[in-house]
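Welcome, and thanks for taking a look with me. Here are a few notes to read alongside the view below.

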Amino acid sequence: MPKPKRQPGLPTRQQIIDFITASDTPAGKREIAKAFGLTAQEKIALKALLKDMADEGLIDSAPGRAFHKMGGLPKVTVLRVSDVDDGGNVWAVPERWDADAAPMPRLRVRERSKRSALGIGDRILARTEEAGNGWIAHPMKQLAKGDELMLGVLRKEGNGLWLEGVEKRERRQYPVSDAGDAEPGDLVLAEKAGRPPRITVRVTERLGDPFAPRSFSLIAIHEHGIPDAFVDEALDEAERVAKQPLGEGREDLTHLPIVAIDPADARDHDDAVWAAPDDDPGNPGGWKAVVAIADVSFYVRPGSAIDREARRRGNSVYFPDRVVPMLPEILSAEVCSLKTGEDRAALACHLQVGKDGQLKNWRFTRAVVRIAANIAYEDAQAAIDGTLDHPLTETALKPLWACWHALAKARDAREPLDLDLPERRVVLDEKGRIMSVAPRERLDAHRVIEDYMIAANVAAAKALEAKKAPVMYRVHEPPSREKLMGLKDYLETYGVKLALGQVIRSATFNHILDRIGEVDFRPQVMEQVLRSQTQAYYAPANHGHFGLALGSYAHFTSPIRRYADLLVHRSLVTAYNLGPGGLTQDEAAGMERIGEAISRLERRAMEAERDTIDRYVAAYLAERVGELCEVRITGVTNFGFFATVDGIGGDGLMPVRDLGSEYFRYDETAKKLVGEQSGDEYSIGRRLTLRLAESNPVSGALRFEMPEGKHAAPGSRPPRVLHRRGRPSNIRHQGKRRK
């Protein structure tokens, strides 16, 4: 393509999009800079601009660092054949798709000859071309065939067996050519094969009863490709390193009544805390504290078999019934876990806290600690409230709370984003059966530990900065202008103003919530504020943490379950000359690449955990099919709206075809469905009473229908909710937000 005419300064967003869209070859930062003739200084600004465009959803990056338009595809990429229709057309999907904001595209493959006909599961390297509203793939090379495995449940129909997929988007059923030892009702992994009209599946692994207790997490593990078994080399290595002595030169902290406060069902214990009044005359009214973190870097050395397995996982994955650990169990649940009465290797963060809660000083040592007690959040809170006698209340808990009150002052002063959104908790009995699904209670005890961990994370980042050492930052950038514009439009439907001319800080959103007070739609506003935020990620370049209102922030406190924390530990070990297990030069040079990888793995874990909770919720609600439920609309599309059951969660679809005989128009800007005759509106936040029509525990999908049944008459719909500009009509009280 012709080279763009040189213009002074950076190209515009549209110019960049036009260039990468029209380019015949993959266009990375280097190609863009060369095409527009940018200076060295402008290249630095270009990197920031491209990152902004990615956050704004305008572009995305592909393997190899080339860019493409968001929702689009790289010029050359690996595709997997997903379908061959009755007309012989071959369709493929990207083998990798990380664009969370856009649906995965489906490409029609132009085969070069019928003799090299492609089948389902074949992998190709292809050049992609956007054609009209779709995409075309031009095969360049056929790659080694990978397994096209499908997770599903066997169903018997007539004399044959069929496979029903567990994913919400999988709507087809496939005939089974070979079931092996699997039986109808079993959850299985199967391999697709063939071409239309005879696409079949062959069962490769029987996984058991999909409705049995503890099966829902197994589905997520297979569906998301989460490694749940360690190679023998890593297990053998873990057994060896677990027996090594704690090492010489460790600071002895066994005399301190350090306590670990965790959930009652915690499987591992990364952190423990201690605090006492500071006897330093230079810090009157202040505190000294120790945040002791499991010294995982002492056991997991760079390049070891355990390290390779940990990096492959990126993090532990937590389900209601099990944990898939980042480290072998002998480390994660035993020698690295801070347990009562056991001497443990720790990396200790010593903090000096002023009476105003500001961090005045910090230092890091390798230490040996002996935990005085592992205490559940509920028990720690009860001890402070005086409803439970605990032997460590006076010596450990009360000093921790007193120091925390100072830390809380500093937190309140910087005004981090404060969204009190409930977390769903699935409670199981000893056999794995669902007892309840309810929001998790939020106690002061949770905030206490959270604020100590934040303080230690800040200290770790600042300590490494002072040493000019590599840092794997936890980055949370401010919302993009496009997202802020969307939030502004949304808030105006409630008569709430958001001025975009100001500097947007986390406190800006807190003040909005303060202004609206305790109104019915407060949870919807909090959810929309959350959706307006960018996704946090790991990177060696510091862009601050917007949500916490912090300039420097790194994850240091959970090395048992997060690889990012392990890297921070290694960097501290090297920077402070604390002995073996420090950061290598190769790791330091590859921090950006490692950060991108573990950020992707974190998203995978979050999706798997969310999908599993959805399946448990669907199983819990399966007994209520046919009953009326109080729901709230959480999303609106042109084919219907999604609603969640109040107090329980679990999103379900209300198809637009079931709203009645009236035609509903989809308003994309306002994200609502509007009845052409009645003017009825279905928009985000509206509360309704709907009938639960389906609840599928295997896929986690719910479906609703109108209370009167399908295709209710327009006149029998629930009362409409319309907002006029200015003060919403359903506000009954607008007071000061409760703390």
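The points below go from the whole chain to a few local details.

1. **What kind of model this is.** Please keep in mind that this is a predicted model. Its mean pLDDT is 83, and 86% of the residues reach 70 or more.

2. **Where to be careful.** Two stretches deserve a cautious eye. Over residues 1–7 the pLDDT stays under 50, and the model has 14 contacts beyond four places in sequence for them. Residues 710–739 also stay under 50, with 67 such contacts in the model. Where pLDDT is low, the predicted coordinates should not be read in detail.

3. **The chain as a whole.** You will find 17 helices and 34 strands here. The chain has 739 residues, of which 53% count as buried. Among contacts with a separation of 6 or more, 66% join residues that are 24 or more positions apart. About 34400 Å² of the chain is exposed, and carbon and sulfur atoms supply 49% of that area.

4. **A hairpin to find.** Have a look at strand S23, residues 424–428, and strand S24, residues 434–439: they pair in the antiparallel sense over five bridges. One place to see this is Arg425, whose bridge partner in S24 is Ala438. Five residues lie between the two strands of this hairpin, and in the turn Gly432 has a positive phi of about 85°.

5. **An aromatic pair across the sequence.** The structure holds eight aromatic pairs. One of them is formed by Phe364 and Phe556, edge-to-face, with 5.4 Å centre to centre and 80° between the planes. Phe364 belongs to strand S21 (residues 359–370), while Phe556 is in the loop between strand S26 (537–539) and helix H15 (563–575), so the pair ties together parts that are 192 residues apart in sequence.

6. **Are these two rings buried or exposed?** Phe364 counts as buried because its relative accessibility is 3%, under the 20% cut-off. Phe556 is at 0% relative accessibility and therefore counts as buried too.

7. **The third ring, and a charge.** Which residue joins Phe364 and Phe556 in one aromatic cluster? Tyr576 does. The ring of Tyr576 also has the charged end of Lys467 over it, 4.7 Å from the ring centre.

8. **Another charge over a ring.** Elsewhere in the chain, take a look at Phe230: Arg313 lies over its face, at 3.8 Å from the ring centre.

Technical notes. Residues numbered from 1 in each chain as written. Predicted model: local features only at pLDDT ≥ 70, side-chain atom pairs only at ≥ 80, totals over all residues. Heavy atoms only, no water. Pairing = 2+ DSSP bridges. Helix = DSSP H or I, 4+ residues; strand = E, 2+ residues; numbered from the N terminus. Phe/Tyr/Trp six-rings, centres within 6.5 Å; stacked < 30°, edge-to-face > 60°. Buried < 20%, exposed > 50% of the residue type's maximum accessible area, 1.4 Å probe, protein only. Lys NZ or Arg CZ within 6 Å of the ring centre and 35° of its normal. pLDDT = per-residue confidence, 0-100. Contact = heavy atoms within 4.5 Å. Areas by Shrake-Rupley, 256 points an atom, 1.4 Å probe, with all protein chains shown as cover.
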